[in-house]
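Reader: I would like to learn how to read a model of this kind, feature by feature. Could you give me the general idea each time and then the case at hand?

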Amino acid sequence: MTCGICKAETEQKLVTYTEDVNNSVIVIRNVPATVCTECGNVWYSGTVAAQLEAIVDHCLKGIVARGTLLQVADVAVVNYAEQVA
Ligand SMILES: [Zn+2]
């Protein structure tokens, strides 16, 4: 597969996905993605994108359920493989 932006080669890599939501930052490590070797653009497959959305949703519910966590520790770090398995 070639990059849709610069047409360079792409490779399969594990990347770190971050999402900034509701004053919290959710960090999901080891996410399988296609990355451009030239411009660094990142694509996620439909399956992975759906899983990321589900993981973010779970994290937000966990943060909200635990109440004060939102103020005390506003960064959630999760491992993609552990969430999906
Ligand atoms: Zn590119």
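Author: Let us start with the idea of a nonpolar core, which is a set of buried Ala, Val, Leu, Ile, Met, Phe, Trp, Tyr and Cys residues joined through C-beta atoms within 7 Å. A residue is called buried if 20 or more other C-beta atoms lie within 10 Å of its own. Please keep in mind throughout that the model is predicted.

Reader: Which residues make up the largest nonpolar core here?

Author: The largest nonpolar core has 10 residues, namely Tyr17, Ile26, Ile28, Val31, Ala33, Leu52, Ile55, Cys59, Ala76 and Tyr80. Strand β2 (24-36) and helix α1 (46-65) each supply at least two residues of this core, and β2 gives the most, with four residues. Taking Tyr17 as an example, and leaving aside its neighbours within four places in sequence, one finds Tyr17 in contact with Ile28, Val31 and Leu52.

Reader: How are the elements of the protein chain ordered from the N terminus on, and how many helices and strands are there?

Author: The secondary structure comes to three helices and four strands, and from the N terminus on the elements run β-β-β-α-α-β-α. Of the contacts in the protein chain with a separation of 6 or more, 57% are between residues 24 or more positions apart. Of the 85 residues of the protein chain, 14% count as buried.

Reader: How do β1 and β2 pair, and over how many bridges?

Author: Strands β1 and β2 pair in the antiparallel sense over 11 bridges, and within this pairing Gln12 stands opposite Thr34 in β2. The hairpin of β1 and β2 has two residues between the strands, and in this hairpin Asn22 takes a positive phi near 45°. Strand β1 (residues 10-21) is hardly covered, with a count of one buried residue among its 12 residues.

Reader: Where else should I look for a positive phi in a residue other than glycine?

Author: One such residue is Lys7, whose phi is near 70°, and Lys7 is found in the segment before β1. Another is Asn30, which is not a glycine and yet has a positive phi of about 60°; the place of Asn30 is in strand β2.

Reader: Why does Lys7 count as exposed, and why does Asn30 count as partly exposed?

Author: The reasoning rests on counting neighbours, for a residue is exposed if 12 or fewer other C-beta atoms lie within 10 Å of its own, buried if there are 20 or more, and partly exposed in between. Lys7 counts as exposed because it has 10 C-beta neighbours inside 10 Å, whereas Asn30 counts as partly exposed because it has 15 C-beta neighbours inside 10 Å.

Reader: Is Glu82 buried or exposed, and where does Glu82 lie?

Author: Glu82 lies in helix α3 (residues 80-84), and Glu82 counts as exposed because it has 10 C-beta neighbours inside 10 Å. The C-alpha atoms of Glu82 and Arg29 are separated by 10.0 Å, although these two residues are 53 residues apart along the chain.

Reader: Which element has the lowest mean pLDDT, and which the highest?

Author: The mean pLDDT of the protein chain is 83, and 85% of its residues reach 70 or more. Among the elements, helix α2 (residues 69-72) has the lowest mean pLDDT, at 42, and strand β3 (residues 42-43) the highest, at 96. Over residues 68-72 the pLDDT is below 50, and beyond near neighbours in sequence this stretch has four contacts in the model.

Definitions and conventions:
Residues numbered from 1 in each chain as written. Predicted model: local features only at pLDDT ≥ 70, side-chain atom pairs only at ≥ 80, totals over all residues. Contact = placed C-beta atoms within 7 Å. Pairing = 2+ DSSP bridges. pLDDT = per-residue confidence, 0-100.
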